[in-house]
Structure formats: C-alpha cells, structure tokens
Amino acid sequence: MKRLRNLDGGLPLRLTDFDIIQDNIIDAADCIIQGLLPGETSIILKGLSVNVGSNVNVQAGWLYHNGEIFFVPQASFNYDASKILYLKPAFITEDARTFKDGSVKDVHEIRNYAVGYDISIPSGAVRFDDLYSLESLLKTKLQANLGMGANLSAFITIPYDSGFSPATSLNGILLLSNSYNVLMLHGAFYAQTSYGKIATLPIGQRPSGDVVGFFYNGSATPAILKIKTNGEIHVANASTNHPNYITFTFNRVFDNNVSYNLPVTDPPLPDN
C-alpha cells in the first residue's frame with residue numbers, strides 16, 4: 001500500500017498527499033470486499049432491512065457501491081404498491097474555510113447515499129431489489145463450500161492382502177475422504193479365510209484410535225471390521241462362499257479417552 005513518509009526537516013505538504021491517504025483507505029476496503037465476494041460491485045454491507053406495513057420503513061445501514069462504502073440514513077415512506085425503493089447519491093460539502101488566495105470553499109465532502117421511493121428510478125440510482133446483503137451472500141457461499149467439503153470423494157484404492165481378492169472390477173478397497181476428517185471404506189471382496197488383515201491404510205489416513213464396525217457377509221452372523229491406529233484393516237467372520245461388502249464410514253480424528261487396543265485374532269483374544 002502507498003504511505004506518506006513523515007520525514008524530519010519541514011516536509012512540504014501538497015494536495016496529492018491527502019489523495020494517497022484517502023485512496024489507500026478506499027483501496028483497502030475494496031480489496032477486502034472483492035476478496036470475499038469477487039465480481040460483486042454493489043452490496044448491502046450492514047443494515048438496510050425493510051419493514052413493509054402501512055409504511056415502508058428502511059433501517060439505516062452501509063452500502064458498498066463501485067469500490068466505495070457509503071452510509072445510508074434510515075427512511076420511511078407511505079406505502080404505495082406502484083412505487084419501488086432505490087438508493088441514490090446524496091453528496092454534500094460543508095465546513096467553509098477561507099483560503100490564502102481569499103476564496104471561501106467547503107473542505108469536507110460528505111458522501112452518503114439516500115433511500116428513495118418512487119414509480120421510476122432516477123439516473124445514477126441503484127434499485128433496492130437488485131441488491132444482495134453481505135450476510136446473505138456469505139451464507140450462500142459458506143453453505144455451498146460446506147456442502148462441497150462434506151462430499152466424500154475417492155482418495156486412493158488400497159490393494160487387498162494375500163487371502164483376499166476383489167469381487168468387482170475395482171482392484172482393491174476404495175478409500176474416500178472429505179475436508180472434515182471423515183473417511184469411508186468401500187469395497188467388495190472374496191475371502192479365502194474368514195479372518196485376517198485385508199489391507200493397510202496409508203500414513204496420514206489412519207484413525208487416532210482403534211475403530212470397530214461391521215460389514216455384510218451374506219448371513220445373519222455378524223461380520224466384524226477392525227481398523228487399527230497403525231492402519232491395519234482386519235476382518236472377522238468374512239464369508240468364504242459369497243462376496244463380502246464393506247461400506248464403512250468413520251472419523252479419522254477423535255478423542256481416544258478409552259484407549260482400548262482392539263484384538264485382531266480369531267477367536268478375539270487380547271493383543272500381546
């Protein structure tokens with residue numbers, strides 16, 4: 001950003017020095033807003049809520065328009081179905097001062113916008129109905145991003161260990177993930193043995209504590225899925241006659257206050 005250097009020795013001030021200061025403030029605000037909402041040239045930053053009854057009451061607020069921020073005072077009008085609300089420039093100058101050359105000029109410019117209510121919109125005004133609020137736009141974008149971030153997407157296909165083989169064209173067990181440390185194992189496999197280690201999760205995708213769940217083995221007998229903190233994925237009671245199906249979702253990071261150590265042998269004896 002541009003800065004005015006305050007140097008010793010009697011700095012001569014010029015009118016362009018004040019332009020640097022004013023333009024910096026405008027540019028900074030414009031950069032922040034455009035970073036949040038790229039492409040938006042006019043939005044309601046705060047306030048300006050409308051309450052319609054026998055009167056149309058508009059709360060005071062702040063408007064961002066064409067790279068500048070304007071205060072908008074509150075307003076009230078008698079309701080008329082044929083009229084529409086709009087915002088129009090309301091620029092005034094004040095604080096008259098006598099200059100060295102003898103001229104008298106206002107040195108303050110108050111740049112506000114005002115609410116209007118009429119059948120047609122004057123030139124240079126902004127139709128109120130065309131404006132979004134910063135709050136609504138951020139909520140929309142946040143919800144969209146949250147929705148996208150929550151989607152589970154394919155991350156990696158993990159090959160099966162010896163004794164297990166794919167039951168479909170997918171040559172391994174699929175690991176899906178999202179932006180919130182949620183993982184899913186998705187696969188179909190044949191088993192030559194009813195229990196054992198079928199695969200190993202890659203580093204960085206392993207749970208912070210041992211996880212136990214279930215999968216479908218084609219019978220009423222529970223089929224147990226065990227995921228260790230070292231990434232090992234174990235099964236128990238897998239069918240050796242029919243395909244087995246896994247669709248198991250778990251959180252990668254959680255408080256492991258229980259600190260248990262899942263047994264992985266069959267029968268399920270405690271780990272040594």
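# A guided tour of a predicted model

Begin by selecting Ile-20, which is partly exposed, with a relative accessible area of 26%. This residue lies in helix α1. The model in the viewer is a predicted one.

**Stop 1: around Ile-20**

Keep Ile-20 selected and add Lys-2 and Arg-3. Leaving aside neighbours within four places in sequence, Ile-20 is in contact with both Lys-2 and Arg-3. Next, draw a distance from the C-alpha atom of Ile-20 to that of Leu-4. The two atoms are separated by 7.2 Å, and the residues are 16 apart along the chain.

**Stop 2: Asp-17 in the helix**

Now select Asp-17, which is found in helix α1, a helix formed by residues 15-36. Is Asp-17 buried or exposed? Asp-17 counts as buried because its relative accessible area is 12%, and the cut-off for a buried residue is under 20%. Show Leu-4 and Pro-12 as well: Asp-17 touches both, when residues up to four places away in sequence are not counted.

For a longer view, add Tyr-79 to the selection. From C-alpha to C-alpha, Asp-17 and Tyr-79 are 48 Å apart in space, with their positions 62 residues apart in sequence.

**Stop 3: the whole protein**

Clear the selection and display the whole chain as a cartoon. The secondary structure comes to 2 helices and 19 strands. Along the principal axes, the C-alpha atoms fill a box of roughly 100 × 65 × 35 Å. The radius of gyration of the protein is 33 Å, whereas a compact globule of 272 residues would have a value near 19 Å.

Switch to a surface display. The accessible surface comes to about 16900 Å², and carbon and sulfur atoms account for 54% of that area. Of the 272 residues, 31% count as buried. Among the contacts with a separation of 6 or more, 57% are between residues 24 or more positions apart.

Colouring by charge gives another view. The protein has 19 positive and 24 negative charges, and the mean positions of these two groups are 3 Å apart.

**Stop 4: a core of 17 residues**

Select Phe-70, Val-72, Ala-75 and Leu-131. These four are included in a nonpolar core of 17 residues, the second core of the protein, which is separate from the largest one.

**Stop 5: Arg-127**

Move to Arg-127, in strand β9, which spans residues 126-127. Arg-127 counts as partly exposed because its relative accessibility is 32%. Which residues does Arg-127 touch, not counting those up to four places away in sequence? They are Ile-84, Leu-85, Tyr-86 and Ile-121. Add Gly-116 to the view: the C-alpha atoms of Arg-127 and Gly-116 are 9.4 Å apart in space, and the residues are 11 apart in sequence.

**Stop 6: the largest nonpolar core**

Select Leu-185, Phe-189, Ile-198, Leu-225 and Ile-246. Of the 23 residues in the largest nonpolar core, these five touch the most other members. Then colour the elements that give two or more residues to this core: β13 (173-177), β14 (182-191), β15 (196-200), β16 (211-215), β17 (223-227), β18 (232-236) and β19 (244-251). Strand β14 gives the most, with 4 residues.

Centre the view on Phe-189 and show its surroundings. Not counting residues up to four places away in sequence, Phe-189 touches several residues, including Tyr-160, Phe-164, Phe-215, Val-235, His-242 and Ile-246.

**Stop 7: loops between the strands**

Select Asn-181, in the loop between β13 and β14. Asn-181 has a positive phi of about 60 degrees, although it is not a glycine. With 32% relative accessibility, Asn-181 counts as partly exposed.

Go on to Tyr-195, which is found in the loop between β14 and β15. Tyr-195 is partly exposed, at 34% relative accessibility. Add Pro-73 and draw a distance between the C-alpha atoms. Tyr-195 and Pro-73 are 73 Å apart in space and 122 residues apart in sequence.

Finish with Asn-237, in the loop between β18 and β19. What is the phi of Asn-237? The angle is near 65 degrees, a positive value in a residue other than glycine. Asn-237 is partly exposed, with a relative accessible area of 31%.

Methods. Residues are numbered from 1 along each chain as its sequence is written. This is a predicted model: local features need pLDDT of at least 70, side-chain atom pairs count only at pLDDT 80 or more; totals for chains, interfaces and linings use all residues. Side-chain values use heavy atoms; hydrogens and water are left out. The radius of gyration is taken over C-alpha atoms; the globule rule is 2.2 Å times the number of residues to the power 0.38. Buried means under 20% relative accessible area, exposed over 50%, partly exposed in between (1.4 Å probe, protein chains only). Contact means heavy atoms within 4.5 Å. Accessible areas come from the Shrake-Rupley method with a 1.4 Å probe; for residues, only the protein chains shown count as cover. Lys and Arg count as positive and Asp and Glu as negative; His and the chain ends are not counted. The place of a charge is taken as NZ of Lys, CZ of Arg, CG of Asp or CD of Glu. A nonpolar core is a set of buried Ala, Val, Leu, Ile, Met, Phe, Trp, Tyr and Cys residues joined through side-chain atoms within 4.5 Å.
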